[in-house]
There are 2 protein chains.
Amino acid sequence: MKIIIDVMSGDNAPDEIIKGVFIAHSESNHEFIIVGNTDVINESAQKQGLDLNIGGLEIVHASDVIKMDEDPLSVKSRRDSSIHVALKLLKEGKGDALVSAGNTGALYTGAVLIVSRIPGFRKAGIATILPFDVPVMLLDSGANIVVTDENLEQFALMGSIYMCKVMGIKNPRVGLLNNGTEKNKGSQILQDAYVRLEENKNINFVGNIECKVLPFNTCDILITDGFSGNIVLKLTEGFGSFFMQKLKTVFKKNPITKVSAAIVKPGLKQFKKDFDASEYGGAPLLGIAKPVIKAHGSSDAKAIKNAIRAAAVYAETNVIKEISALSETVMKQPHCDSDS
Amino acid sequence: MKIIIDVMSGDNAPDEIIKGVFIAHSESNHEFIIVGNTDVINESAQKQGLDLNIGGLEIVHASDVIKMDEDPLSVKSRRDSSIHVALKLLKEGKGDALVSAGNTGALYTGAVLIVSRIPGFRKAGIATILPFDVPVMLLDSGANIVVTDENLEQFALMGSIYMCKVMGIKNPRVGLLNNGTEKNKGSQILQDAYVRLEENKNINFVGNIECKVLPFNTCDILITDGFSGNIVLKLTEGFGSFFMQKLKTVFKKNPITKVSAAIVKPGLKQFKKDFDASEYGGAPLLGIAKPVIKAHGSSDAKAIKNAIRAAAVYAETNVIKEISALSETVMKQPHCDSDS
């Protein structure tokens, strides 16, 4: 596999991204194309004592970088930006998969415009893995503010194939985010989506999911629109920080509580690790015609290494081919009540 | 003040509700009307050694109870249900405020139908206090799946008055729940609401709020539709349970970690208390023409006592009169760009 990495984007770019590529290089047989400003890449590698002249590592120059807070739509015109160049390489088949820790909106928009969607799939979604006891794929976690019931059904199909093939979860349970468990809860779109999910034999639908049970192994994939998904994603992040902060206050109270902290440190470290999104290797942009993985903006080298691993598995397992095949069979059936 | 309490509804009804009324009775000069099946009330009081023949306590019989999972709309026809009878007493002026820990939908629907909304306010919202370091009022937390920009502006006005008068927060900061901080984020309704909130001089608008910063003292009131609000509310609950469960696992690992747990127990207890929604006295149904407080379904006696205290302050501080006055001045101004 040849993996394309945008090394200029992300909070810790380029140093941690480049370091992550080197770790992945040493631990796998993959080849790599790293995209970015060659001067900056050379400087970073030199600083970190990394030799760019190893086999299986190619550098492609991109003079521009779209920053995290810049307009995502600018990816269209900024043809020299690392995201744009990397996506173009992917589209042209120069690599098998792409990883970027950059501006989510720009990566998503660029992927739709440059790489394009899988034919038959009307929306692509960002599929983030939430770090609960049993990981939950949140799809869509932010790309599409407005969705139709058909979009939600397509998310469920794509998510199921990814969770099965890449994450190794057989017959993954699909839940629909709603404000109650009853079939008639939520907007008309959600009620219609419920019927579609229930009737589709390729989906292991477990019903509506209320957020209070979400952390407790109720589903493997949570289907929702990008606005609600964004709330779930951001609140999960916010709570994680909030609780760790509160806990620190409790432990730092006095010398005796500090001793107590030392005793439970390994357990808390494991807890923090369990709750570390970087363990799960980034979010695939499901519905895009080639494998694109969005690594978390705050990714360090380890997170990038994991995202590269996920990108390679995504490409190796032919997930996209399987989704495309599905679009030719299941999705083209007219959806009506007489089907069932 | 005379407070009406539906003692039949809630997970711990009637025992904990009745006990809560007795605590409130002993700690205040308020009078109480408790509504429910007299036989059940007598039995519960006897069992708990509580004397119903104390001054300032009246019992009104209601033979029926709407259970937590029953259809909220049934409140309309079930005239003998405790929620219906209690709301009717409130409407007729037999009491100054009402507390129920029952079926949220039934209480809300009943309040709109029986007590009615404040003239000029098109929707009533459920205003739940989220137990962060600095408490945040979440409005609407579940009643209205679909809202307009005007509804959101009205929520902000009502919430501001309540937080100021009842919670004692001067010039409370109002945030709008969105998937980004920029003005042009979210649906058209949210973008229009942003403009309204920004222009309204009675609202201390601090902009769009992303959920990752929500626990960190970014606003006093978070304005949103009931669907998104429900996600925030339920995820907050779910996350609280999840975190405490994980922490228990860390501490129960072996005898030494158990000692560690004992050392930090007071700190953790305080933390749990800080994160206890029952401390904040329940959720007012803002926009209803008389004070109605929804106590949490799992309320114990302490939570009911706190909800009664909140109900009394809600009534004493003339919040509803002030909201009504606002409807006559601010809300009747035509809203157009030339105003500003």
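Biologist: Before we start, when do two strands count as paired here?
Modeller: Two strands pair if DSSP finds at least two bridges between them. Keep in mind as we go that this is a predicted model.

Biologist: Thanks! Then how many bridges join S4 and S12 of chain A?
Modeller: Three bridges join strand S4 (residues 97-100) to strand S12 (residues 292-294) in chain A. With at least two needed for a pair, these two strands therefore count as paired, and they run parallel.

Biologist: And which residue is the bridge partner of A:Ser100?
Modeller: Look at A:Lys294 in S12(A); A:Ser100 has its bridge there.

Biologist: What is the strand order in that sheet of chain A?
Modeller: The order is S3-S2-S1-S4-S12-S11-S5, in an open sheet of seven strands with mixed pairing. At the edges are strand S3 (57-61) and strand S5 (125-126) of chain A, each of which pairs on one side only.

Biologist: Let's zoom out. How is chain A divided into domains?
Modeller: Domain 1 of chain A takes in 1-121 + 287-318, and domain 2 takes in 126-277. Their C-alpha centres lie 26 Å apart.

Biologist: How many residues are in contact between those two domains of chain A?
Modeller: On the domain 1 side there are 10 residues, in contact with eight residues of domain 2 of chain A. Helix H4 (104-115) and helix H9 (301-316) of chain A each supply at least two residues of the domain 1 side. H9(A) gives the largest share of that side, three residues.

Biologist: What sort of residues make up that domain 1 side?
Modeller: Five are nonpolar, four polar and one charged on the side of domain 1 of chain A that touches domain 2.

Biologist: New topic: the two chains. What turn lays chain A on chain B?
Modeller: A turn of 180 degrees with a shift of 0.0 Å along the axis does it, and the RMSD is 0.0 Å. That is the relation of a two-fold axis. In chain A, the C-alpha nearest the axis belongs to A:Ser260, 2.3 Å from it. Both copies use the same surface, since 97% of the contact residues of chain A recur in chain B.

Biologist: How many residues of each chain are in contact across that interface?
Modeller: The contacts involve 36 residues of chain A and 35 residues of chain B. In chain A, helix H7 (226-251) and helix H8 (255-274) each supply at least two residues of the side that touches chain B. The largest share of that side, 15 residues, comes from H7(A).

Biologist: And how do the residues on chain A's side divide?
Modeller: There are 20 nonpolar, 10 polar and six charged residues on the side of chain A that touches chain B.

Biologist: Over to chain B. In which sense do S8 and S9 pair?
Modeller: Strand S8 (residues 173-177) and strand S9 (residues 204-209) of chain B pair in the parallel sense over four bridges. B:Val174 stands opposite B:Phe205 in S9(B). Between S8(B) and S9(B) the chain passes through helix H6 (residues 188-199) of chain B, and this β-α-β crossover is right-handed.

Biologist: Last thing: what confidence does the predictor give the complex?
Modeller: The complex has an ipTM of 0.88 and a pTM of 0.90. Chain A averages a pLDDT of 91, with 94% of the residues scoring at least 70.

Biologist: Where in chain A does pLDDT stay under 50?
Modeller: That happens over residues 332-340 of chain A, for which the model has four contacts beyond four places in sequence.

Notes:
Residues numbered from 1 in each chain as written. Chains lettered and ligands numbered in written order. Predicted model: local features only at pLDDT ≥ 70, side-chain atom pairs only at ≥ 80, totals over all residues. Right-handed = clockwise from strand over helix to strand, strands pointing away. Least-squares fit on C-alpha atoms with pLDDT ≥ 70 in both. Contact = placed C-beta atoms within 7 Å. Nonpolar A, V, L, I, M, F, W, Y, C, P; charged D, E, K, R; others polar. Domains from an automatic or database assignment. pLDDT = per-residue confidence, 0-100.
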